[in-house]
Structure formats: C-alpha cells, structure tokens
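User: Please take a close look at one part of this protein for me, the nonpolar core. I am in my first year, so explain each term as you go.

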Amino acid sequence: MKASKIAYKPVGLALGATGGVLAGAVFKQIWQRLGHEQDAPNATDEERSWREILLAAALQGAVFAAIKALIDRSGAVAVKRLTGAWPA
C-alpha cells in the first residue's frame, strides 16, 4: 500500500464524519424549506403518508451522496496538491 494512501486514511475518516454531520444539517434545512415544519418522517411513522416518507428518504439519500462526493473529491484534490500523488 502506498504511503500516501495510508496517510490519507485518517483524513478520509475525519472528512467522512464531518460530511455526515454537514449532510444532516443540509437535509434538515431543505426539508424545512419545502414547507415541512416537522423533522423528516421515519419509515415507521404511522401518521405520515407513503408519499412523504418516500420523498424524504429519496431526498435524504441524494443529499448525503452529493455531500459525500463533494467532501471525498475535495479531500483527494487537496492531498494531490500537497503530496503530488492521488490518495486512492
């Protein structure tokens, strides 16, 4: 395993954790701006409709995937600039 890949592991883990927190906050803001005053529904929430539950799940998945890609790519680009080698 390359040294740059090993050195990037802890950075990648920290970025991933940060990305998860950021994605949760972004999703919550989007959900509220769509006109929902409450938190997003759980799949087992009896009071919510199928439509609302599936919309929330799809939106949350898209937000988390986009934030993860943004963070992962930015971290890899930063490592490339610092070390001259792509970390993956």
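Analyst: What follows starts with the whole chain and then goes into the core, residue by residue.

This is a predicted model; local features need pLDDT of at least 70, side-chain atom pairs count only at pLDDT 80 or more, and totals for chains, interfaces and linings use all residues. Residues are numbered from 1 along each chain as its sequence is written, and side-chain values use heavy atoms, with hydrogens and water left out.

Start with the frame. The protein has two helices and zero strands. Both kinds of element are DSSP runs, numbered from the N terminus: helices are H or I with at least four residues, strands are E with at least two. The C-alpha atoms fill a box of roughly 50 × 25 × 15 Å along the principal axes. The radius of gyration is 17 Å, while a compact globule of 88 residues would be near 12 Å. That radius is taken over C-alpha atoms, and the globule rule is 2.2 Å times the number of residues to the power 0.38.

Of the 88 residues, 22% count as buried. Buried means under 20% relative accessible area, exposed means over 50%, and partly exposed lies in between (1.4 Å probe, protein chains only).

Now the core. A nonpolar core is a set of buried Ala, Val, Leu, Ile, Met, Phe, Trp, Tyr and Cys residues joined through side-chain atoms within 4.5 Å. The largest one here has eight residues: Ala-23, Phe-27, Trp-31, Ala-56, Leu-59, Val-63, Ile-67 and Ile-71. Helix H1 (3-33) and helix H2 (50-83) are the elements that give two or more residues to it. The largest share, five residues, comes from H2. In soluble globular proteins, nonpolar side chains tend to be buried together.

Take Ala-23 next. Its place is in helix H1. Ala-23 counts as buried because its relative accessibility is 0%. Ala-23 touches Val-63, Phe-64 and Ile-67, leaving out residues up to four places away in sequence. Touching is contact, meaning heavy atoms within 4.5 Å. Ala-23 and Ala-65 are 42 residues apart in sequence, yet their C-alpha atoms are 8.6 Å apart in space.

Now cross to Val-63, which lies in helix H2. Val-63 has 8% relative accessibility, so Val-63 counts as buried. Beyond residues up to four places away in sequence, Val-63 touches Ala-23, Val-26, Phe-27 and Ile-30. The C-alpha atoms of Val-63 and Leu-13, 50 residues apart along the chain, are separated by 19 Å.

Another core residue is Ala-56. With residues up to four places away in sequence not counted, Ala-56 touches Phe-27, Trp-31, Ala-40 and Pro-41. Phe-27 and Trp-31 are core members too.

Glu-52 is found in helix H2. Glu-52 counts as buried because its relative accessibility is 18%. Glu-52 touches Trp-31, His-36 and Pro-41, not counting residues up to four places away in sequence.

For contrast, look at Thr-18, in helix H1. Thr-18 counts as partly exposed because its relative accessibility is 48%. Thr-18 and Ala-69 are 51 residues apart in sequence and 13 Å apart in space, C-alpha to C-alpha.

Finally, step back to the contacts of the whole protein. Among those between residues at least 6 apart in sequence, 54% join residues at least 24 apart. Ala-23 with Val-63 is one contact to find in the structure.
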